[in-house]
Structure formats: C-alpha cells, structure tokens
Amino acid sequence: MDTLLVGTRKGLFTLRGNEVARVSFLGTAVTAVLQRNGAIYAAVGHGHFGAKLHRSMDEGETWQEVAAPKWPEKPADIDDRSPTTGAPVPWSLNQMWVFEADPREPQALWCGTIPGGLFHSTNGGDSWRLLRPLWDKPERRQWFGGGYDFPGIHSICVDPRDPRRVLVGVSCGGAWQTDNGGESWSVASRGMFAAYMPPEKAEDPVIQDPHRIVRCAGAPDVFWAQHHNGVFRSIDGAQSWQEVKINPSSFGFAVAVHPRDPDTAWFVPAIKDELRVPVEGALVVTRTRNGGKSFETLRSGLPQRHAYHLIYRHGLEVAPDGQTLAMGSTTGTLWLSRDAGESWTALSRDLPPVYCVRFGGAA
Amino acid sequence: MPRVTFTANLRRLVDCPAAEVAGATVGEALEAVFTRTPQLRGYIVDDQGALRRHVVVFVGGEAVRDRVRLTDAVAPDAEIAVMQALSGG
C-alpha cells in the first residue's frame, strides 16, 4: 500500500507507510475521495455553506476548489416531492457521496450525490453535467431517503469491458443500469426485497435500499450488494439478484469484492437495522470464497469485547492486489489487513468517525 | 450604498471582506457581491439561488423574510449581515 485516503467527519487523513502523513480540511467533513490520474478529488461538506469539491495535483499538499455538481434550474411547473414525507425534493447539491473514474478519458469522472443525482465530468471536475435521462425518469420520483432526508446515489459500477455500461445503486431507489453511457436507464434490482415496505411493495425494484453495490472487475457480470434487508448477489449482469444468508447477521452497510475472483467478497455485519452494533460487541468481518455458499467469520486483530464500531458503506475497500483491505469505523478506528482479511492491524484508534477509505492511485 | 458583512466562519473559507455594493434588494446586493467574488455564490445560496438552509441574512438586524427570491428591500445605508445558524458537535 502506497497511500490510503481516509475521509472522516472532521477531515481527510492521508496515510503512507501505515502512518498518518497528512491532514487536510481538519474540522470539516470529507464525504468522498478519489485519487486518479495524478489528481486527488475530495468532497468537502461545510454544513452551513454547502458541499464543495477540492482537487489536489500534488498529493494533497495544496488544494484548489473546483466546480461542484450543480442542478439546472428547476422548472416552475414541476411538483417534485418525496413520496414518503411530501417535502419538496431540492434540485440542489446536498452531498457528494461517491466518485468513480470513467475509463473512457483520463479526466472523466462520475459522481453520485444526495439528492439522487448522477453527474459526469470530462475535465477533472472543472465542470459537471447532470445525467438528465436518469433524473427525469418518472420512477425517480418514487425514490426516498434512507438515513438522509432525500435519496442518494452511493455506488457507481463501471463495466471495464465497455465503460458505457454503468450500474448505479440508490438508497432508497434500487439499482439502475445503462449500456449507452447514460442516455437511457433500466431498473436492475429485481430479486431484492424490502421488509420495511408493505407486502405488496416489498419486491418493487424501484424502492429497494441497497446500502452498497460492488462489481467484480475481472468478472463484471457478477455484483454483490449489501442491502438493508440482507445480502444479494447477481451473476447475470444485474438482470436478477439472489439472496445470500450470512451468520451471524446479514445486516450491514459495506461490501467489497475481490478484483478478479467473483466468488470472494467481504462484509461487516451489525446486528440488524434497529440495532446497528456488532453482534455481542465483537467486531468481525465475514468472507465468502465460494460465491456465498459458506462464510468465514474473521476476528483476528479486531476488538472482541464491548466493541461498538459500525462500518459505513464506503468504509471498507479492497486493493487491486485482492489481499490488502482497509476498514474504518464510526468510532474512529482504522484497520489494515494484508492477508485478505485473515488478520487486521489497527493503524489508528483515534480518528474522527470514518466515512470512506480509498487506496491511492486506484483506477 | 448598502454594506455587506460576512461571518468570520465564512471568511475562513473564502476571502470576503466587508463590501459596499449597489442594490435595492437583498438579491441585488448579493448579486453584486457574487460578481466581485464568484466563488462566494455557492457558499451563500443553493443551486436554485435560494439562501442555504443554515445561512441567515440580516438587514438592519432583522432576518430577511424572502429566503427564496431574496426580494426584501434594502435602504441605501443598510447594513446587510451574512451569518450562519448555530449547530454542530
């Protein structure tokens, strides 16, 4: 591991050689981060003053504020309201939630936001374009917030075989897929089910709450989803999803999939949705190496007594080697594993609550 | 001309000293400020041009009423203060 970027509630921490080498934006939330093509992109959430995008071309030594995704003017005749609360959906950026590289061009980026916008930049964040075909889909009006007041796009899975093929995950709005770079979209969350909805809506793909969706780069038809009501896997390019049961629990937020072996994936379970702490106060990572037929419970190096860490959806990542994993918790502990999760080392126990971890130089 | 001042918490993020600007409404005065300092716009108003939810603008000590279209009138000698709501932890 050369560089690990850790976005927290109170700043961006850059680790090199397992030590915190740099602190940026101290005191301010960093909700998403990506290093790509010589640039680091950091989503900075100022709370009162809004979400801003900063870019560094010198490994984080200096930062420049660049354009943040911005909604077009809301037409006066559109009555766009949350289906659950009736509150008007703001056509305004609340939070950048995830960045991913678009391999079609070195400066091209995707950004998923709250409220549920998908944005694209061709120039490294100098300007952004809202993907109107997804935003304007009638079904988008059925999305609702889960944990936030409004829905958000937290997962962007690009098909390395054809980068025009992209799947996005939405809390709460299911999964959506395009095969033409975003000109048209179809729902891609059939097979998921929602216990938080009345029975007649439980299997509606449009209102599902996948907390996080990842795609195996080496076998891009395979996806894993950590959903509000369990773990799901697709092996047919998200045409269908099948539930996978895990002990001690199938509830959680984060998932990582091995970059080449689609049968290997990692999860970090909590008890259940109304009790979001590790089972019996013992933090574990669960791993399958056979496509979900069975799971191993990995504990070595993780706290096993009175440990109440939660790992958010972007708080677990596997490096391109498939062996190195990083994990950061709401309690401010950051762990690293160099043996595919068999054992973990705490690099720090004293960070602010961790929102996202990202290996530098990715993509 | 109306005088616009900014909370120190905003000045920490963007260089925005107090400014005297032309304008008969809050919106006109702020627009004049944004023309001078374009970066400031997104810190005070949202993507649709309304005041950010946790930003408060006072004119002569009174919080403005129209937070969406910013039509509150300002006198030529008005003091306009851009402040923030208190919150945090």
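1. In this predicted model, Met96(A) makes contacts with residues well beyond its own stretch of chain: leaving aside its neighbours within four places in sequence, Met96(A) touches Thr31(A), Ala32(A), Ala43(A), Ala51(A), Leu53(A), Ala68(A), Pro69(A), Cys111(A) and Thr113(A). The residue belongs to strand 8 of chain A, which covers residues 95–101.

2. Met96(A) counts as buried because 29 C-beta neighbours fall inside 10 Å, where 20 or more are required. Phe144(A), by comparison, is not listed among those contacts; the C-alpha atoms of Met96(A) and Phe144(A) are separated by 17 Å, and the two residues stand 48 apart along the chain.

3. Strand 17 of chain A, residues 223–227, is largely enclosed by the rest of the structure, because five of its five residues are buried. The burial extends to both faces of strand 17 of chain A, with Phe223(A), Ala225(A) and His227(A) on one side and Trp224(A) and Gln226(A) on the other.

4. The pairing around strand 17 of chain A is antiparallel towards strand 16 of chain A (residues 210–215), over five bridges, and also antiparallel towards strand 18 of chain A (residues 230–234), where five bridges join the strands. Strand 17 and strand 18 of chain A form a hairpin, with two residues between them.

5. Gln226(A) is a convenient reference point for reading this pairing, since in strand 17 of chain A it stands opposite Arg212(A), while in strand 18 of chain A the residue opposite Gln226(A) is Val231(A).

6. Which residues have the most contacts inside the largest nonpolar core? They are Val33(A) and Val255(A), and the core itself has 102 residues. Apart from this core lies another, of 21 residues, which includes Val4(B), Val45(B), Val59(B) and Ala78(B). In soluble globular proteins, nonpolar side chains tend to be buried together.

7. Val255(A) also links the core to the strands discussed above: leaving aside neighbours within four places in sequence, Val255(A) is in contact with Trp224(A), Ala225(A) and Gln226(A), and further with Arg212(A), Val214(A), Ala265(A), Trp266(A) and Phe267(A).

8. Between the chains, 13 residues of chain B are in contact with 15 residues of chain A. On the side of chain B that touches chain A, the residues divide into five nonpolar, five polar and three charged.

How values were computed. Residues numbered from 1 in each chain as written. Chains lettered and ligands numbered in written order. Predicted model: local features only at pLDDT ≥ 70, side-chain atom pairs only at ≥ 80, totals over all residues. Contact = placed C-beta atoms within 7 Å. Nonpolar A, V, L, I, M, F, W, Y, C, P; charged D, E, K, R; others polar. Helix = DSSP H or I, 4+ residues; strand = E, 2+ residues; numbered from the N terminus. Buried ≥ 20, exposed ≤ 12 C-beta atoms within 10 Å, placed from the backbone. Pairing = 2+ DSSP bridges. Core = buried A, V, L, I, M, F, W, Y, C linked by C-beta atoms within 7 Å.
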